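Good morning, everyone, and thank you for making time for this. Please have a look at the sequence and the model first, and then I will take you through the parts I would like you to notice.

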Amino acid sequence: MVGHSGLQQRSAQQRLLDLGIHLPAAPTPLGTYVEALQTGNLLFLSGMLPVVDHKAKYVGRLGKELDAEAGRDAVYTAALGALAVAQEFLGSLDRITRVVRLGVFLATVGDFFDQPRVADGASDLFRDVFGIEKASVRTVLGVASLPLGMPVALEIIFEVKAAESL
Amino acid sequence: MVGHSGLQQRSAQQRLLDLGIHLPAAPTPLGTYVEALQTGNLLFLSGMLPVVDHKAKYVGRLGKELDAEAGRDAVYTAALGALAVAQEFLGSLDRITRVVRLGVFLATVGDFFDQPRVADGASDLFRDVFGIEKASVRTVLGVASLPLGMPVALEIIFEVKAAESL
Amino acid sequence: MVGHSGLQQRSAQQRLLDLGIHLPAAPTPLGTYVEALQTGNLLFLSGMLPVVDHKAKYVGRLGKELDAEAGRDAVYTAALGALAVAQEFLGSLDRITRVVRLGVFLATVGDFFDQPRVADGASDLFRDVFGIEKASVRTVLGVASLPLGMPVALEIIFEVKAAESL
């Protein structure tokens, strides 16, 4: 590695290896929809839940059954699922030119105000994998409930380049 | 069934006829916004509510005043409204090349976990009209309330082709 | 004022002046994300909160600690922040060719049904600044909670033209 070997130059796939992250199996749809879809240069993903091996890793709401640490890990888990879906769809995460939009939806009760730190469970992972210069816009909402009683869901749009231009 | 007459080849407008579906009048805005808008190849729709003849077909929340069956029909009703808006905007549903993103928002109280089946009220309709190969990504959220106390809202992005390329 | 000096022809920047609106400082991120990002002709903004000088102007929920008038002003305040972010990112609001999508998220408790009027706090401002012919699609949701206990958040996509084509 001569010259251009700094943090910014390593590929997303290389960074995953460096971080020791093994992506889980991509989640499968719970209904009549697909997990990912490309239109133009945008890759839209379905709502990603904290699922491991097709089972909920967490059930419950933040501020009641679960605390902020569990919420942060649930968000991180859902973000890993998003990377798995993108890798399966694109063949390689290196086709992702940036994370465009991250929606973070947290099932909350009462006065749960620690939303930004919980949401960073996904944003920090994406920073580590894609680099800070590809950071997304983000919206965080506390919602009443999520599918199957899970505490978090993520909605993500990636910008991708055409396979031939790699 | 000769040649190209299979399920995949029938147009969306033809399928609507075959299914005996008559689209309702397109809903009208409740404020300073429009019901549909095209940018590039994407057609964005406003939040679609379960409205028939400009009146709420359902009022209440899932898990309290309404059960999952009512929720599923409310979602179906809102999806019909979306098709009506798209048809009015585009002239023909055959200009839709696929459903990109379906957001399903359900006003819920307590432990209402049957969200995927309720959301399929829209996804199944779109499958029947556009074909399974045009299935969207989907995000489902349980929310605290929706405009005018209605139980469901849908937010949809369609991919469309230019009128001249039909 | 000769010829094309009617309402439709004034620029967004000129209208801001005419309306006597001084944009606040653009908000800064609460976590690992950016406030705005352009992909193709679309400018995505992060969730905009009712923040003035980096402090929450309102805390509480609609239908409980805050009424519809406060909600409408909170929405207006968040929309001003969105204009500040867009102006900082683009250099000039005149690069905005239309408002594409406006998501309005209101922290609500109980039976708060006055959502469309509250949401018009943003839509009416955008109409005054960009003109009614650039009105967006809109989705309004009542949610359980928002970051730092604030009552409203806006999620906005603008359509923009390239800087060189001004």
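Let me begin with chain C, where five strands make up an open sheet in the order β1-β2-β7-β5-β6, and the pairing within that sheet is mixed. When I say strand or helix, I mean a DSSP run, E over at least two residues for a strand and H or I over at least four residues for a helix, numbered from the N terminus, and I call two strands paired if DSSP finds at least two bridges between them. At the edges of this sheet are β1 (36–39) and β6 (137–143) of chain C, each of which pairs on one side only. On average, neighbouring strands of the sheet are turned by 15° against each other, with direction ignored; angles here run from 0 to 180 degrees between N-to-C directions, and the axes are lines fitted to C-alpha atoms, for helices over the stretch in contact.

Before going further, I should say that this is a predicted model, in which local features need pLDDT of at least 70 and side-chain atom pairs count only at pLDDT 80 or more, while totals for chains, interfaces and linings use all residues. Residues are numbered from 1 along each chain as its sequence is written, and chains are lettered from A and ligands numbered from 1 in the order in which they are written.

Staying with chain C, strand β5 (residues 96–107) and strand β7 (residues 152–160) run antiparallel and are joined by nine bridges, and within that pairing C:L102 has C:I156 of β7(C) as its bridge partner. Helix α2 (residues 68–90) of chain C packs on the sheet, where it touches β1, β2 (42–45), β5 and β7 of chain C, and its direction makes about 35° with that of β7(C). By contact I mean that the C-beta atoms of two residues, placed from the backbone, lie within 7 Å. Helix α3 (residues 115–130) of chain C lies across β5, β6 and β7 of chain C and runs at about 160° to β5(C).

Let me turn to the hairpin in chain A. Strand β1 (residues 36–39) and strand β2 (residues 42–45) of chain A pair in the antiparallel sense over four bridges, with A:L45 as the bridge partner of A:A36. Two residues lie between the strands of this hairpin, and A:G40 takes a positive phi near 60° there.

How, then, are the chains related? Chain B can be laid on chain C with an RMSD of 0.0 Å by a turn of 120° and a shift of 0.0 Å along the axis, which is the relation of a three-fold axis. The superposition is by least squares on the C-alpha atoms of residues with pLDDT of at least 70 in both copies. The copies use different surfaces, since 12% of the contact residues of chain B recur in chain C.

Which parts of chain B touch chain A? In this interface, 28 residues of chain B are in contact with 24 residues of chain A, and the elements of chain B giving two or more residues to that side are β5 (96–107), α3 (115–130) and β6 (137–143). That side divides into 13 nonpolar, eight polar and seven charged residues, where Ala, Val, Leu, Ile, Met, Phe, Trp, Tyr, Cys and Pro count as nonpolar, Asp, Glu, Lys and Arg as charged, and the others, Gly among them, as polar.

On the side facing chain C, 24 residues of chain B are in contact with 28 residues of chain C. Here β1, β2 and β7 of chain B each supply at least two residues, and β1(B) gives the largest share, three residues. The residues of this side divide into 14 nonpolar, eight polar and two charged.

I will finish with the interior. The largest nonpolar core has 163 residues, and those with the most contacts inside it are A:L154, B:L154 and C:L154. Such a core is a set of buried Ala, Val, Leu, Ile, Met, Phe, Trp, Tyr and Cys residues joined through C-beta atoms within 7 Å, and a residue is buried if 20 or more other C-beta atoms, placed from the backbone, lie within 10 Å of its own. Leaving aside neighbours within four places in sequence, B:L154 is in contact with residues including B:V75, B:L102, B:V104 and B:A122.

Note on methods. A residue is buried if 20 or more other C-beta atoms lie within 10 Å of its own, exposed if 12 or fewer, and partly exposed in between; C-beta atoms are placed from the backbone.
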